[in-house]
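Student: Could you take me through the largest nonpolar core of this model, with the strands that surround it, in one connected account?

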Amino acid sequence: MMKVHDNNIVHMRGDTDTLTLNVTGATVSTAVLSVKKDYGDTDYAFQITAVGNVFTFTHDMTNKLAAGNYVYDVQATLSDGTVQTVVNARYTLLPDVTRE
């Protein structure tokens with residue numbers, strides 16, 4: 001299960017989901033979604049490179065992470081070579097009951 005409200009993501013740990021990136025008025029060449037526990041952290045919890053503007057969250061990306069609050073952003077390279085952070089918001093990972 002994944003829900004997005006005001007760019008904030010709520011995601012169930014271990015679930016497989018997709019998220020589509022829509023950037024108004026620009027063509028995106030590449031995009032990377034990065035998740036960290038805190039902005040100052042040097043290590044990423046995980047990163048996803050979009051395929052055709054779609055980010056795919058796999059079971060293995062979140063299954064071993066601690067449930068809790070994280071931050072994320074999406075950095076896009078536009079067709080003209082411009083690099084822009086197009087989203088910067090919260091990522092909440094919910095605990096699950098069934099653990100596999």
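Tutor: The largest nonpolar core (a set of buried Ala, Val, Leu, Ile, Met, Phe, Trp, Tyr and Cys residues joined through side-chain atoms within 4.5 Å) has 23 residues, of which Leu33, Phe55, Phe57, Tyr72 and Tyr91 touch the most other members. Two or more residues each are given to this core by strand 4 (28–36), strand 5 (46–49), strand 6 (54–57), strand 7 (68–78) and strand 8 (83–94), and strand 7 provides the largest share, five residues. Strands here are DSSP runs of E with at least two residues, numbered from the N terminus, and buried means under 20% relative accessible area, with exposed over 50% and partly exposed in between, for a 1.4 Å probe and protein chains only.

This is a predicted model, in which local features need pLDDT of at least 70 and side-chain atom pairs count only at pLDDT 80 or more, while totals for chains, interfaces and linings use all residues. Residues are numbered from 1 along each chain as its sequence is written, and side-chain values use heavy atoms, with hydrogens and water left out.

Leu33 is a useful place to begin. Leaving aside neighbours within four places in sequence, Leu33 is in contact (heavy atoms within 4.5 Å) with Leu19, Phe46, Gln47, Ile48, Phe55, Phe57, Tyr72, Asp73 and Val74. One of these residues, Ile48 in strand 5, stands opposite Leu33, and strand 4 and strand 5 run antiparallel, joined by four bridges; two strands pair if DSSP finds at least two bridges between them. Strand 4 is also joined to strand 7 by eight bridges, again in an antiparallel arrangement, with Thr30 opposite Thr77.

Leu19, another contact of Leu33, belongs to strand 3 (residues 17–20), along which the side chains alternate: Asp17 and Leu19 point to one face and are buried, whereas Thr18 and Thr20 point to the other and are not. Leu19 stands opposite Phe55 in strand 6, and the antiparallel strands 3 and 6 are joined by four bridges.

Strand 7 also contains Leu78, which counts as buried because its relative accessibility is 14%. Not counting residues up to four places away in sequence, Leu78 touches Ala26, Thr27, Val28, Ser29 and Gln84. The C-alpha atoms of Leu78 and Phe55 are separated by 16 Å, the two residues being 23 residues apart along the chain.
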